[in-house]
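Please walk me through this structure in plain terms. I would like to know how its helices and strands are placed, what surrounds the ligand, and how charged side chains and cysteines are arranged.

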Amino acid sequence: MDLSREEQMMAQGKFGPVVEEAMEILIKLGEIYEAKKMVKVASVHMPGSSVTVAGEGGTRFVKRQADRGGRFIVQTSLNPAAMDFQRWQEMRVPLAFVSMQRQLTEAYSQMGAVAHHTCVPYLVGNAPRLGEHIAWGESSAVAFANSVLGARTNREGGPSALASALTGRAPLYGFHLRENRVGKVLVHVQAKLKTAFDYGTLGYFVGKICGDKVPVFKGISHQVRVEELKMLSAALATSGAVALFHAIGVTPEALTDEQAFGRKKPEDSLTFGQKEHDQTVDFLTTAKNDYLNLVVVGCPHSSIEEIRSIAQLLVDKKINPEVDFWVCTSLAAKAIADRMGYTEIMAQSGGKLICDTCPVLAPMDEIIKANGYTALATNSAKLAHYAAGKFSLPVYFGSLSWCLRAAAMGKWH
Ligand code: F3S
């Protein structure tokens with residue numbers, strides 16, 4: 001690889017052994033993907049921020065790098081952790097996870113990360129610009145940053161994201177290059193998309209067919225909300241490995257058809273109508289007997305706008321005492337919710353704002369057992385997918401209003 005003088009000095013250990021090791025990882029990665037050089041990155045979002053992902057080995061490694069003087073030289077945010085740092089006892093997170101998570105968060109913070117612990121870093125201050133190179137992990141955030149913000153990143157794993165934070169570099173390949181960012185599959189959106197749940201359903205259907213190809217949506221309104229696009233991003237990256245999509249007239253690299261496809265013809269096309277929508281909902285609904293005792297929304301983490309709408313819908317309502325109702329979010333959004341009285345409204349109705357974590361990154365098997373959860377309802381295609389597959393909880397998949405009604409009744413229908 002063609003390295004700059006500064007990068008050569010990093011690789012030769014002139015900036016210390018931690019940076020030397022980091023550069024070695026990036027050079028190896030670059031060689032695998034035939035990158036010709038490195039690119040400077042403006043920020044990093046760290047995927048291995050939960051101990052359920054990092055494990056004991058990963059936690060020890062991050063701690064060691066921090067203790068040896070490792071310091072991040074670009075803005076670095078953290079993905080959700082394994083627990084809510086304030087409510088872990090209520091959630092019944094086992095103690096072993098709690099102490100390890102504290103060590104991991106502390107080590108990242110010591111190196112210079114900001115411990116927001118959220119999968120929507122772009123809503124809490126890590127918001128890259130069009131064309132900016134970044135090194136992010138967390139598939140939903142990667143798809144959002146590439147597509148909606150027009151930033152440039154591959155889907156980084158824990159070691160490569162850590163290496164980029166320490167060096168401010170990433171190998172120049174994949175979605176960092178303009179030629180790899182053109183659309184491949186044209187998606188005609190014919191179903192009416194009314195809520196974020198519908199966008200998640202669309203994303204799940206398309207991701208399954210597209211794999212890692214770049215889909216281009218035709219028929220999404222330019223009035224689509226950020227919350228709907230984050231749900232679309234998460235679902236596309238769940239059933240498939242989509243890291244970038246375009247929506248004609250909506251996303252910044254697809255103002256026209258020509259721009260979206262780089263003046264080439266789409267390789268393939270597909271249609272998402274009401275039939276495909278309903279089939280996807282059926283596929284993700286694995287529960288059968290109507291009863292449930294856990295309802296979770298906020299995957300990806302809820303924005304303050306979403307929390308506001310939920311609080312409004314909960315005024316003078318009561319959650320069924322047999323049901324736990326979680327709204328997952330960032331600590332930053334919760335701070336505003338506290339000030340606005342939304343947290344109090346939710347608490348009065350029996351719901352909880354859960355910060356810093358989510359069911360997929362928490363030790364959910366242990367939490368399910370300790371709380372006796374038997375079935376879950378959610379409006380998130382990503383969570384529905386993982387709940388059924390990763391921790392074998394039967395799932396009801398529906399819109400936010402269905403979820404709220406289910407939380408009040410303890411039943412889906
Ligand atoms: Fe975020 Fe966890 Fe969902 S990381 S996208 S809330 S699975």
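Helix H9, residues 226-239, is a good place to begin in this model, which is predicted. The helix has 14 residues and spans 21 Å from its first C-alpha to its last, close to the 20 Å expected at 1.5 Å a residue. Of the 14 residues of H9, 13 are buried, so the helix is largely enclosed by the rest of the structure.

Strand E12, residues 351-355, is also mostly covered, with five of its five residues buried. In a regular strand, side chains alternate between the two faces of the sheet. In E12, Gly 351, Leu 353 and Cys 355 point one way, while Lys 352 and Ile 354 point the other way, and all of them are buried. The partner of E12 described here is strand E11, residues 324-329; the two pair in the parallel sense over five bridges. Within this pairing, Val 327 stands opposite Leu 353 of E12.

Strands of a sheet pair through backbone hydrogen bonds, and the pairing can be parallel or antiparallel. Another case is an open sheet of three strands in the order E3-E2-E4, with parallel pairing. Its edge strands are E3 (75-78) and E4 (135-136), each of which pairs on one side only. Strand E2, residues 43-46, pairs with E4 in the parallel sense over two bridges. One contact in this pairing can be named: the bridge partner of His 45 in E4 is Trp 136.

Next comes the ligand. The residues that surround the ligand are Pro 80, Cys 119, Glu 138, Ser 140, Gly 298, Cys 299, Pro 300, Cys 358, Val 360, Leu 361 and Lys 382. The largest share of this shell, three residues, comes from strand E10, residues 294-302. Sorted by class, the shell has seven nonpolar, two polar and two charged residues. Cys 358, one of the residues around the ligand, has a relative accessibility of 9% and therefore counts as buried.

Several cysteines have now been named, which raises the matter of disulfides. How many disulfides does the model contain? The count comes to zero. Cys 403 serves as an example: the closest cysteine sulfur to its own is in Cys 299, and at 12 Å that is too far for a bond. Cys 403 is buried, with a relative accessible area of 0%.

Charged side chains are the next topic. Side chains of opposite charge can pair when their charged atoms come close. The count of salt bridges in this model comes to 19. One of them joins the side chains of Arg 68 and Glu 21, at 2.9 Å from N to O. This pair links distant parts of the chain, since Arg 68 is in the loop between helix H3 (51-67) and E3, and Glu 21 is in helix H2 (residues 17-32), 47 residues apart. Arg 68 is partly exposed at 30% relative accessibility, and Glu 21 is partly exposed at 27%.

A salt bridge also forms between Lys 218 and Asp 257, whose closest N and O atoms are 2.7 Å apart. Lys 218 lies in strand E7 (residues 215-218) and Asp 257 in helix H10 (residues 257-261), so the pair ties together parts that are 39 residues apart in sequence. Lys 218 counts as partly exposed at 34% relative accessibility, and Asp 257 counts as partly exposed at 30%.

The salt bridge between Lys 334 and Asp 338 lies within one helix, H13 (residues 331-340), where the two residues are four apart and so separated by about one helical turn. The closest N and O atoms of this pair are 3.1 Å apart. Lys 334 counts as buried at 14% relative accessibility, whereas Asp 338, at 39%, counts as partly exposed. Elsewhere, salt bridges that share partners join Glu 6, Glu 7 and Arg 169 into one network.

A last stop is Val 315, in the loop between helix H12 (304-314) and E11. Val 315 has a relative accessibility of 40%, so it counts as partly exposed. Val 315 and Gln 348 are 33 residues apart in sequence, and their C-alpha atoms are 8.5 Å apart in space.

Technical notes
Residues are numbered from 1 along each chain as its sequence is written. This is a predicted model: local features need pLDDT of at least 70, side-chain atom pairs count only at pLDDT 80 or more; totals for chains, interfaces and linings use all residues. Side-chain values use heavy atoms; hydrogens and water are left out. A residue is near a molecule or strand if one of its heavy atoms lies within 4 Å of it. Ala, Val, Leu, Ile, Met, Phe, Trp, Tyr, Cys and Pro count as nonpolar, Asp, Glu, Lys and Arg as charged, and the others, Gly among them, as polar. The expected span of a helix is 1.5 Å times one less than its number of residues. Buried means under 20% relative accessible area, exposed over 50%, partly exposed in between (1.4 Å probe, protein chains only). Two strands pair if DSSP finds at least two bridges between them. A disulfide is a pair of cysteine sulfur atoms within 2.5 Å. A salt bridge is a side-chain nitrogen of Lys or Arg within 4 Å of a carboxyl oxygen of Asp or Glu.
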